[in-house]
Amino acid sequence: MANKIIKFGEDVDGYSIPVLNEREVRAAAGLLFVLMFTAILTVIMKGNFLLLKYAVVIFLTDFIVRVFINPKYAPTLILGRLVVFNQTPEYVGAQQKKFAWVIGLALGLIMLVHLVIMNAFSPVTGIICLICLIFLFFESAFGICLGCKFYSLFYREKAQYCPGEVCEVKDRQPIQKTSPAQWMIVLGFIAWIVVSVYIFNDNFREQPYDLFGIENQAHAAEQPAAD
């Protein structure tokens, strides 16, 4: 019974190694990204660390369950499964995901000690928060597991069943290739952004006015009560 509970990855017919559903992993990464981004934004805008402390505890607890017990019992992965339950699974190798999640676990542990236990903040916490956001964003938005990229650097064996079959050496299909015209469009778009900042920056910095005067009316209605 214990062997069935404590296990990393699931056995699926047709796959020689334990695998995970990449769609669930991406959904879970998106949920964690929203949580961490909101918490960090609260710190930046209001200087309030309360939500970030809770977010660190939630993040670390989830990764402890993933790495040491079983990913199928991790709360965010369960939520991710509920979100994408009607989508066809995309199976990826569990081993490289475990390596990536160990990195996340280490970062979460440092944040727990530094921010929650010691109740201190420094450039260390800022850098770790930025790294976590980048990792979670790339996983959820692009399906790119940055932590998995380091797997081959530490192990001689080649990762199997990577998202999008990036582990397999093959030529890109025509729809995946980028033409010179498309590159020019991207460069032109970047140039347009730079020009827009130069031309419209002063106008954009002006505070918008209340078109219908709703805020002024509300303020006027509250004024007699204050008197």
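Begin by selecting residues 25-45, 99-118, 124-148 and 181-200, the spans that the unreviewed UniProt entry annotates as "transmembrane region". The model you have open is a predicted one, and the annotation comes from that record.

**The whole chain**

Colour the model by secondary structure before going further, and follow the chain through its 10 helices and 2 strands. Starting at the N terminus, the elements come in the order α-β-α-α-α-β-α-α-α-α-α-α. The protein has 227 residues, of which 30% count as buried. Among the contacts with a sequence separation of 6 or more, 73% are between residues 24 or more positions apart.

**Two of the annotated spans**

Keep residues 25-45 selected and look along the span, which is 100% helix and 0% strand, with 30 Å between its end C-alpha atoms. Move then to residues 99-118, where the chain is 95% helix and 0% strand, and where the end C-alpha atoms lie 28 Å apart.

**Helix α2 against helix α6**

Select helix α2, residues 22-46, together with helix α6, residues 123-142; the two pack at an angle of about 140°, and their axes are 8 Å apart. The crossing that α2 makes with α6 is left-handed. To see the contact, show the side chains on the α2 side, including Val25, Ala29, Phe33, Met36 and Ile40, and those on the α6 side, including Cys129, Leu133, Leu136, Phe137 and Phe142. By class, the residues of this contact of α2 with α6 comprise 13 nonpolar, 2 polar and 3 charged ones.

Within this contact, centre the view on Phe33, which belongs to helix α2. Which residues does Phe33 touch, once those up to four places away in sequence are set aside? Phe33 touches Leu133, Leu136 and Phe137. Draw a distance between the C-alpha atoms of Phe33 and Phe137, and you will find 6.5 Å between two residues that stand 104 residues apart along the chain.

**Glu24, also in helix α2**

Stay on helix α2 and select Glu24. Is Glu24 buried or exposed? Glu24 counts as buried because its relative accessible area is 12%, and the cut-off for buried is under 20%. Leaving out residues up to four places away in sequence, Glu24 touches Leu77, Gly80, Arg81 and Val84.

**Helix α3 against helix α5**

Next, select α3 and helix α5, the latter being residues 94-117; these pack at an angle of about 145°, with 9 Å between their axes. As with the previous pair, note the handedness: α3 and α5 make a left-handed crossing. The α3 side of the contact includes Leu52, Val56, Leu60, Phe63, Arg66 and Val67, while the α5 side includes Lys98, Trp101, Leu105, Gly108, Leu112 and Val116. Sorted by class, the contact of α3 with α5 has 17 nonpolar, 2 polar and 3 charged residues.

**Arg66 and its surroundings**

From that contact, pick out Arg66, which sits in helix α3, residues 50-69. Arg66 counts as buried because its relative accessibility is 3%. Show the side chains around Arg66 and look for two polar contacts: one of 2.7 Å, between the side chains of Arg66 and Asp62, and one of 2.9 Å, between the side chains of Arg66 and Thr76. Setting aside residues up to four places away in sequence, Arg66 touches Phe8, Ala28, Leu32, Pro71, Ala74, Thr76, Leu77 and Trp101.

**Ile58, elsewhere in helix α3**

Move along helix α3 to Ile58, which counts as partly exposed because its relative accessibility is 42%. Thr76, already met as a partner of Arg66, can serve as a reference point here: Ile58 and Thr76 are 18 residues apart in sequence, and their C-alpha atoms are 9.5 Å apart in space.

**The loop between α5 and α6**

For the last stop, select Asn119, which lies in the loop between α5 and α6. What is the phi of Asn119 near? The value is near 55°, which is positive in a residue other than glycine. Asn119 counts as exposed because its relative accessibility is 52%, and the cut-off for exposed is over 50%.

Note on methods: Residues are numbered from 1 along each chain as its sequence is written. This is a predicted model: local features need pLDDT of at least 70, side-chain atom pairs count only at pLDDT 80 or more; totals for chains, interfaces and linings use all residues. Side-chain values use heavy atoms; hydrogens and water are left out. Axes are lines fitted to C-alpha atoms, for helices over the stretch in contact, and angles run from 0 to 180 degrees between N-to-C directions. Helices (H or I, at least four residues) and strands (E, at least two) are DSSP runs, numbered from the N terminus. A crossing is left-handed if the near helix is turned anticlockwise from the far one by less than a right angle, and right-handed if clockwise. Contact means heavy atoms within 4.5 Å. Ala, Val, Leu, Ile, Met, Phe, Trp, Tyr, Cys and Pro count as nonpolar, Asp, Glu, Lys and Arg as charged, and the others, Gly among them, as polar. UniProt positions are given in the numbering used here, feature names are shortened, and annotations may be inferred rather than shown by experiment. Buried means under 20% relative accessible area, exposed over 50%, partly exposed in between (1.4 Å probe, protein chains only). A polar contact is a pair of N or O atoms within 3.5 Å; within protein, one must be able to donate a hydrogen and the other to accept it, and residues adjacent in sequence count only if both atoms are side-chain atoms.
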